[in-house]
2 protein chains.
Amino acid sequence: MPIQLKHSRQRDALLSLLQSVYSHPTAEWLYENLKMDFPNISLATVYRNLNLLCEQGMAMRVDVGDDKNHFDANTKNHYHFLCKGCRSVIDVSNEELSDVNLPVEEKFGFKVDTHSLVFFGLCDKCR
Amino acid sequence: MPIQLKHSRQRDALLSLLQSVYSHPTAEWLYENLKMDFPNISLATVYRNLNLLCEQGMAMRVDVGDDKNHFDANTKNHYHFLCKGCRSVIDVSNEELSDVNLPVEEKFGFKVDTHSLVFFGLCDKCR
DNA sequence: ATGAAAACGATAATGATTATCATTATTAAG
DNA sequence: CTTAATAATGATAATCATTATCGTTTTCAT
């Protein structure tokens, strides 16, 4: 008996908003912007649906260590860069960094499923 | 006028406890264990002194994305592995993974100061 | 010994997120 | 087109790690 999803205008709007931006917004930012179309939307609804979208694989959580989650509709494998100046989160392709897991598997005998890699510095606007 | 540190038995005990363990304890764990010698110690004292030790470079914060900070008296550059089974945090040397920042600098034109790299999987006991 | 300032313990406050719960919206079946 | 089930909502309380506040205690140079 997996939970049978029902349609929701709020969830639709959330997903298309998330898909329309290149930034990696927080729940709070999405909440503020959804208020344009849904003046009565609740922050709880935003969190609920973000969790749903992540479970469904239509979005992913981006943790850059700034104590709040960011969200990304691009679920393809890639890394992120956090600018210490403007605090923006920027995509970084991971083509050049394949097989990072391998040396850890081999040297320590751990089974490495995934890794998290975040870069910190100044973006081209802030440097 | 930089803050003039004064000696504190609680801070001494915190540092030597942290230096004596290979795990990467949380503030809560350190607090519970310091109670042996300081029954009246406050959790605030533990947090205060952990922040101080980090500022002084005698300890470092380890963020593995589990919503609480871990602490490490080994401030030499190394990575961490989080076991999804026993939730323990294990050191990983970074010898095999030098120059991770470089490709990002070159390709995106960002000034990359640091990066955070955490591995997830099962340790040799849990796999 | 003494006084300024650091550190303390207790505890309230914060901020992001989750849980609760009464009400509303969606949807499949009659 | 009703209706009944159940998912989703909005409002808000609760949670949990961490920080701030504040009156009291320690530390330490004088």
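How many salt bridges are there between chain B and chain A? I will answer that shortly, after setting out how the two chains are arranged. Please bear in mind throughout that this is a predicted model.

Let me begin with the single chain. Chain A contains four helices and five strands. Following the sequence, their order is α-α-α-β-β-β-β-α-β. The C-alpha trace of chain A extends over about 50 × 50 × 25 Å along its principal axes.

I turn now to the symmetry. A turn of 180°, with a shift of 0.0 Å along the axis, lays chain B on chain A with an RMSD of 0.1 Å. This is the relation of a two-fold axis. Both copies use the same surface, in that 100% of the contact residues of chain B recur in chain A. Which residue of chain B comes closest to the rotation axis? That residue is Leu117(B), whose C-alpha lies at 2.2 Å from the axis.

Next, the extent of the interface. Chain B contributes 34 residues to the contact, and chain A contributes 34 residues. Between them, an area of about 2,800 Å² is buried, and carbon and sulfur atoms account for 61% of that area.

This brings me back to the opening question. The count between chain B and chain A is two salt bridges. One pair in a salt bridge is Lys84(B) with Asp113(A), where the closest N and O atoms are 3.5 Å apart. As for polar contacts, ten residue pairs are found across the interface, with both residues at pLDDT 80 or more.

Which elements supply the side of chain B that touches chain A? Those giving two or more residues are strand 4 (89-92), helix 4 (101-108) and strand 5 (111-122) of chain B. Strand 5 of chain B provides the largest share, namely twelve residues. Sorted by class, this side of chain B comprises 16 nonpolar, eight polar and ten charged residues.

Finally, I would draw your attention to strand 5 itself. In what sense do strand 5 of chain A and strand 5 of chain B pair, parallel or antiparallel? The pairing is antiparallel and runs over eleven bridges, with residues 111-122 forming the strand in chain A. Within this pairing, Phe120(A) stands opposite Thr114(B), a residue of strand 5 of chain B.

To close, I would place two points side by side: strand 5 of chain B gives the largest share of its side of the contact, and that strand pairs with strand 5 of chain A.

Note on methods: Residues are numbered from 1 along each chain as its sequence is written. Chains are lettered from A and ligands numbered from 1 in the order in which they are written. This is a predicted model: local features need pLDDT of at least 70, side-chain atom pairs count only at pLDDT 80 or more; totals for chains, interfaces and linings use all residues. Side-chain values use heavy atoms; hydrogens and water are left out. Copies are superposed by least squares on the C-alpha atoms of residues with pLDDT of at least 70 in both. Contact means heavy atoms within 4.5 Å. Buried area is the accessible area (1.4 Å probe) that two parts lose on being put together, summed over both. A salt bridge is a side-chain nitrogen of Lys or Arg within 4 Å of a carboxyl oxygen of Asp or Glu. A polar contact is a pair of N or O atoms within 3.5 Å; within protein, one must be able to donate a hydrogen and the other to accept it, and residues adjacent in sequence count only if both atoms are side-chain atoms. Ala, Val, Leu, Ile, Met, Phe, Trp, Tyr, Cys and Pro count as nonpolar, Asp, Glu, Lys and Arg as charged, and the others, Gly among them, as polar. Two strands pair if DSSP finds at least two bridges between them.
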